[in-house]
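Work through the exercises below with the sequence and the 3D structure at hand, and try each task before reading its solution.

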Amino acid sequence: MSTPLEHDYIGLTESSSMERSSDKISSSSSSSSTHPIEDKPSKTAKDTCLNLKETELRLGLPGSQSPERKVSLFGKDLESNNDKSNGLSVSPLKNLVSGAKRGFSDAIDGSNGKWVFPMNGKSDVELAKGAALPSPRGGLDSKSNPQQARVSVPAMKEVGGIPQSPKPVQDKKNPVPPSNDHATAPAAKAQVVGWPPIRSFRKNTMASNLAKNSEDAAGCLYVKVSMDGAPYLRKVDLKTYKNYMELSSALEKMFSCFTIGQCSSNGLPVRDGLSESRLMDLLHGSEYVLTYEDKDGDWMLVGDVPWEMFTDSCKRLRIMKGSEAIGLAPRAMEKCKSQN
Amino acid sequence: MESSKLKREKDSQISDELNELRMESSELKKAKDSPISDESYRRSSFPDEVLERVISLLNSHRDRSSVSLVCKDWYNMERWSRTHVFIGNCYSVSPEIVARRFPKIRSVTLKGKPRFSDFNLVPQNWGADVHAWLVVFAAKYPFLEELRLKRMTISDASLEFLASSFPNFKALSLLSCDGFSTNGLAAIATHCKNLTELDIQENDIDDKGGGWLSCFPESFTSLEVLNFANVTSDINFDALERLIGRCKSMRVLKVNRSVSLEQLQRLLANAPQLTELGTGSFSQELTPRQYEDLESVFNNCKNIHTLSGLWEVKGLYLPALYPVSTHLTFLNLSYAVLQSDELAKLLVHCPQLKRLWVLDTVEDKGLEAVGSNCPLLEELRVFPADPFDEEIVYGVTEAGFVAVSYGCPRLHYVLYFCRQMTNAGVATVVRNCPDFTHFRLCIMTPGQPDYLTNEPMDEAFGAVVKTCRKLQRLSVSGYLTDLTFEYIGRYAKNLETLSVAFAGSSDWGMQCVLAGCPKLRKLEIRDCPFGNAALLSGLEKYESMRSLWMSACNVTMNGCRLLAREMPRLNVEVMKEEGSDDDGRADKVYVYRSIAGRRRDAPSSVLTL
């Protein structure tokens, strides 16, 4: 039986992955989007090495904690390691209000009272707060505006565009509920009424679209999960998870009773590149690998493709012993076919 | 024919109306200066009948307006033959004046609120209620056939009134309107026996359920255009299926997301003649057989050139569309959350595409695919999937924009929401696509500079106006100084509509635009440091424009009063905030020309000065 700590299917606890905004893992339900974690091109194509890291799918985010335990699944250390040096500092970001995420938010009467537009309950009444906005309101002196604009710009820049850091993979789930808490936002970048200029119908539709997609009203997707050595299989509904992280946590919970306490080391060195690190860890004798059978009947390593693509093509899951998974593709396939 | 009547016609108000009813264009000034007399412009050598015939063939309202300015005879001929009237600002004229001038109208297009009302900047009860118009129309145009409203308020009672007052009523189009519920739609469905078009788009509807659709009587077969994507509640599918089945002339069908894929397949099986299709939800779990059926039904729809909807799209099912995609000229994916690879795969099959709307979830890579696969593209709109979440940093950037420009030299309309942009990127884009007529760039963070150089985005828009000589519409964003507006004033000689937000350094910017853009008709400004000096520099200009909007700028009540005093033919409206004083800042100012005088239906929060 695994101890609450270090339950590790693969045995990797990586300090590597410079994931971003790792705080977002929690599963705030409706706000997540359909955007799978996928290989997104670098915005500036400057740092390919960083890119590779970005393509590592977040099966366990640094900084993300498997509930109640420190877990490392599929090669990712779930402990936060360095903040990855992307000009994008995490904290200011996460404290930003996303009040109107669902197209509705409260009108706040903040310090800058003039910005309040009580619009009888129409959606998107938000407040522009403070100096963050280059607005002439700050003073009647028009000269101050460029100042204001300037001042607020760096903060905004971080948010709006991250030049140096290819920040592609997003976890769109935002655990910060639409709130009016600006207290901790250094950049005080609050919402502005009617900005960006999007019609209400679109705003409301996209909000519910994203919510719907993540919940997938269209149905459920139960797949069998087998684990080598376990006496019986389980079934999971893939639609109840939004990303690999959730899936791996759930699986780990489900199968924790079956593991033969070979919790592996946490001290494996950092590797770049997705499959490389996995493979290396396997070679080092780590425990299990999660694989799945796709629509074509091939056995694939979980985590390569965007989450949506995975759920679309996954027919069954298999938690494979690491030792069997070496040489991965051909060997695994044979083995599975014989077991099927 | 009616030539004797025309000659008898003696309307002493004609010369006033002649001058002032210019809907567009600065010929207004010329007309004022050269009085028209009966004698000097005697009947031309054409017989009247020929002239009337020729004039009656004119459709463009601008052409007709020009014709009406030539001489009294032509004015009269034009007014008697006009069947469609376009009113860009419902308060610029009154329904009585319209009815007096144009006795034979069958089709009306009316626009109401200022455009920024779409973004909640205009109070709810501001006005633009269509009812007064309907009452006049019922009396003067009992044979009215078409009504198209944009940003108007229309109540259920008005819809009922409409449905019962016009026996020939054929086409209703509501875009970005409010004030009504599905009950109003039910009234239309029930009573309009000759309805050919019901087009409900992007309105603020009080959705009370889908029962309205079942109100079309079983004997009703004339519908050709049905767009109810905006009305989201579940409809009775059987009723819809029967309706489509018996309306053999249906060519445009855009359903809402309650219609599933399987249901869509059944509808299409009975309507292979459709030319425009808006699907419902595109994500049902289909059996292989159902998927085949879907594919084959699309295969039979050879005429579809416009496709939209695709709510909750499942990338996996997009291939079912391939038979249709080869003929597509307009693909609206703006509600379909697609990733770059999914879009890329689809676009390979869309070589004829001229208009494409997408979400920024497709990212730059998706836009590269656009550039590679759609050489005929003329219009691109990229909407943000999650515009209010600042933590999102994906989306599209200058890279995607540039990629499209390389592949699509015919691009002339763009609406682009992004989180970062560069001057160089925009310069490259317009170099590749010099024919832009509509350039709307929205960098979503207000006041954001070029993210690479940290400079203002002045040069970007400078490049746009210098290169794109045909530019009619421009929306600017990002960190901009007065230089941008100098460029606009100096180069944008065909510019008609300009939208500005969070930009400029001083009054000088706005002054440049007002002085420099001869064809400017609509100017909307928010959150800019333009004050009274700027406002008043356009005194003479505003009469040649449809409207001016300024909000959260530095204009004061006194400045507005001065404007109102100097220009009596302008309506200067100020939307007051609660608690603001009478002499202070005028927070929202809306100025428009009108021959109807000040409006009488303004709420208390709106002051007409």
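## Exercise 1: A patch on the surface

Task: In this predicted model, find which residues form a nonpolar patch on the surface together with B:V54, and decide how far B:V54 is covered.

Solution: Begin with the patch, which is formed on the surface by B:F46, B:V50 and B:V54, and which has about 260 Å² of accessible area together. Next, place B:V54 in the fold, where it belongs to helix α4 (residues 48–56) of chain B. Finally, take its relative accessible area of 47%; because buried means under 20% and exposed means over 50%, B:V54 counts as partly exposed.

## Exercise 2: Two cores

Task: Describe the largest nonpolar core, and state which residues B:L240 touches.

Solution: The largest nonpolar core has 180 residues, and those with the most contacts inside it are B:L240, B:F439, B:L474 and B:I488. Helix α19 (residues 458–467) of chain B gives the largest share of this core, namely five residues. A second, separate core has 23 residues, among them A:M227, A:L238, A:L251 and A:L290. Turning to B:L240, and not counting residues up to four places away in sequence, one finds that B:L240 touches B:L213, B:L226, B:F228, B:I235, B:V255, B:V259 and B:L267.

## Exercise 3: A buried helix face

Task: Determine which residues of helix α9 of chain B are buried, and what they pack against.

Solution: Within helix α9 (residues 156–165) of chain B, the buried residues are B:D156, B:S158, B:L159, B:L162, B:A163 and B:S165. An α-helix has 3.6 residues a turn, so residues three or four places apart point the same way. The buried residues of α9 in chain B pack against helices α8 (131–140) and α10 (182–191), and against strands β3 (146–150), β4 (171–175) and β5 (178–181), of chain B.

## Exercise 4: Cysteines without a bond

Task: Explain why B:C350 is not bonded to B:C374.

Solution: A disulfide requires two cysteine sulfur atoms within 2.5 Å. The closest cysteine sulfur to that of B:C350 is in B:C374, at 6.3 Å, and this is too far for a bond. A search of the whole structure likewise finds zero disulfides over all chains. As for its surroundings, B:C350 is buried, with a relative accessible area of 0%.

## Exercise 5: Far in sequence

Task: Locate B:V93, and state how far apart B:V93 and B:G597 are in sequence and in space.

Solution: B:V93 lies in the loop between β1 (84–87) and α7 (95–101) of chain B, and at 3% relative accessibility it counts as buried. B:V93 and B:G597 are 504 residues apart in sequence, while their C-alpha atoms are 8.2 Å apart in space.

Technical notes: Residues numbered from 1 in each chain as written. Chains lettered and ligands numbered in written order. Predicted model: local features only at pLDDT ≥ 70, side-chain atom pairs only at ≥ 80, totals over all residues. Heavy atoms only, no water. Core = buried A, V, L, I, M, F, W, Y, C linked by side-chain atoms within 4.5 Å. Buried < 20%, exposed > 50% of the residue type's maximum accessible area, 1.4 Å probe, protein only. Helix = DSSP H or I, 4+ residues; strand = E, 2+ residues; numbered from the N terminus. Contact = heavy atoms within 4.5 Å. Patch = residues over 30% accessible without salt bridge, like charges linked within 9 Å, V, L, I, M, F, W, Y side chains within 5 Å. Areas by Shrake-Rupley, 256 points an atom, 1.4 Å probe, with all protein chains shown as cover. Salt bridge = Lys/Arg side-chain N within 4 Å of Asp/Glu carboxyl O.
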